[in-house]
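Please walk me through this model, explaining how some of its helices meet and how their residues are placed.

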Amino acid sequence: TQIVMIFIIKTLRGLIIPFILAPQSYALWATIGVLLGYLRYADLGVHASLAKRLPVFLANDDRDSYQKMIGLGLSWNLVIGMLLTIGLVAASFLYKGENQHFYQPALLILAVTIVFQNIRALCNEIIRSRCDYKGVSMQSIIGDVASFIAAVVGVIFFGELGLVASILVGEVFGLGYCIIRLIDLGFDDIRLYLQGLTSVIREGLLLLLVGFIEMIMMTLDQIFLINFYDNSEYGLYAFGLFIVSMLIAMSMIFVTHQPYILRLADLGRKKECASLLEANLVLYLTIIAICTPLMFFAIDLLLNYYLKEYQPGLMLYILMPIIALARTPVVILRGYFIAYHQEKSLIRWQLSGLMLMLILNFLIIDWSLSYEWFIASICAGYGLTGGLMFRKFYADNSQIGNYYRYMIYIILLVLGSYGIHQLNNIYLQLELTEFISSLLIFFIETILFIGLVFWKKGLWMSSLALF
């Protein structure tokens with residue numbers, strides 16, 4: 001349900017918002033998203049530590065430690081929220097740079113948003129720790145729906161500032177549902193508690209570093225674009241990242257069970273833990289691979305008949321879904337290495353991918369290449385990090401099934417779909433014919449994959465047929 005709702009909301013947002021905003025205005029809104037992403041790490045890893053500790057306390061039936069940990073998290077959230085609010089308000093009044101008319105009120109809105117966001121994140125971790133997946137899904141859906149409605153109304157009357165305000169609306173409604181859910185679960189007596197904060201922060205620093213490096217990997221291309229390209233190019237690129245986010249959002253359903261993974265690891269049930277993660281990895285890769293060719297011709301139709309201002313970014317949008325494929329091992333397998341306390345190895349692998357991205361990005365700037373080349377940089381960085389994680393995962397769990405053939409096939413499927421799509425653009429001129437042809441290709445690929453699943457020796461035959 002969550003996947004369907006998120007996909008529908010993001011699709012509607014993607015159809016309505018860019019139709020109203022030009023790429024330059026869309027770029028302003030995107031920079032706020034980058035800033036908000038980094039502000040999430042101002043808690044010094046306390047949220048990450050809570051996500052790791054709370055399920056273990058419940059598994060060991062240690063209610064006192066569980067309650068104290070929640071009280072500590074609430075106290076720290078209030079302190080950090082107050083400091084961030086003061087800092088953002090001060091930044092709003094002191095900012096005198098470009099686009100001052102937008103950033104000054106936007107920072108004031110963020111000053112309020114960050115308080116609700118931090119408390120909502122805490123409540124969400126409490127609900128998640130009890131494996132209440134319905135509650136986790138509902139708070140996300142309610143927040144997304146409220147944010148979407150506010151975004152549509154806000155962008156019509158207030159432009160890009162309306163989009164910033166919609167974030168606050170989504171956080172308020174999401175937090176409201178979380179509080180109601182916690183009361184239903186019996187959490188009506190949460191007290192402030194600060195003892196032991198130092199040890200929690202110390203433990204959370206490694207997890208903070210994992211999340212912070214991941215955030216840099218996600219936004220490094222945007223930082224370069226903001227500094228070395230103009231607003232219209234960044235706006236086109238930001239819309240492409242929105243297309244990718246539709247695919248990446250589907251991963252949420254596969255990471256919500258992280259508390260269960262932590263419990264399995266704590267109970268020593270490693271094989272069961274690894275098998276669950278491997279099944280999620282294959283299923284998520286399958287969803288990405290099947291959706292990618294469908295998005296190829298959907299993007300063509302969208303830009304040709306609806307979002308004509310964004311047509312210069314057509315080739316960019318065709319290539320963007322490959323980023324979701326490259327990120328998959330990083331998104332799915334990260335929870336395994338956290339559960340088995342291998343954060344230092346995870347950080348080393350992330351830094352390897354980040355350094356590769358950084359080198360490639362500087363080469364792109366030095367050689368004055370077009371912004372489409374940033375996609376190659378992202379895929380290379382995530383490919384290196386994901387490959388190292390993938391190799392270690394199967395080295396630690398050689399007893400589980402080997403799914404390399406699925407991975408190879410999925411990569412061939414996406415690359416083959418892209419190649420066939422390009423042939424369509426060259427040889428087929430009628431849009432209706434291209435639509436029917438692309439739809440037929442999509443169904444053929446799906447049938448090929450189903451055939452591969454039920455026919456163990458069918459990899460080379462299916463690959464040949466796809467080629």
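Helices here are DSSP runs of H or I with at least four residues, numbered from the N terminus. By that count, E171 lies in helix 7, which covers residues 160-184. The model is predicted, with local features needing pLDDT of at least 70 and side-chain atom pairs counting only at pLDDT 80 or more, while totals for chains, interfaces and linings use all residues. Residues are numbered from 1 along each chain as its sequence is written, and side-chain values use heavy atoms, leaving out hydrogens and water.

E171 has a relative accessibility of 10% and therefore counts as buried, a word that means under 20% relative accessible area with a 1.4 Å probe and protein chains only. Leaving aside residues up to four places away in sequence, E171 touches T113, F116, Q117 and R120, where contact means heavy atoms within 4.5 Å.

Further along the chain, the axes of helix 15 (residues 343-366) and helix 16 (residues 373-396) come within 8 Å and cross at roughly 160°; axes are lines fitted to C-alpha atoms, for helices over the stretch in contact, and angles run from 0 to 180 degrees between N-to-C directions. Helix 15 and helix 16 are therefore roughly antiparallel, the term for angles over 145 degrees.

Among the residues that meet across this pair are L346, W349 and L356 in helix 15 and W373, F374 and L388 in helix 16. S377, which is found in helix 16, touches M357, L360, N361 and I364, again not counting residues up to four places away in sequence. At 3% relative accessibility, S377 also counts as buried.

Note on methods. Helix = DSSP H or I, 4+ residues; strand = E, 2+ residues; numbered from the N terminus. Parallel < 35°, antiparallel > 145°, perpendicular 65-115°, else oblique. Buried < 20%, exposed > 50% of the residue type's maximum accessible area, 1.4 Å probe, protein only.
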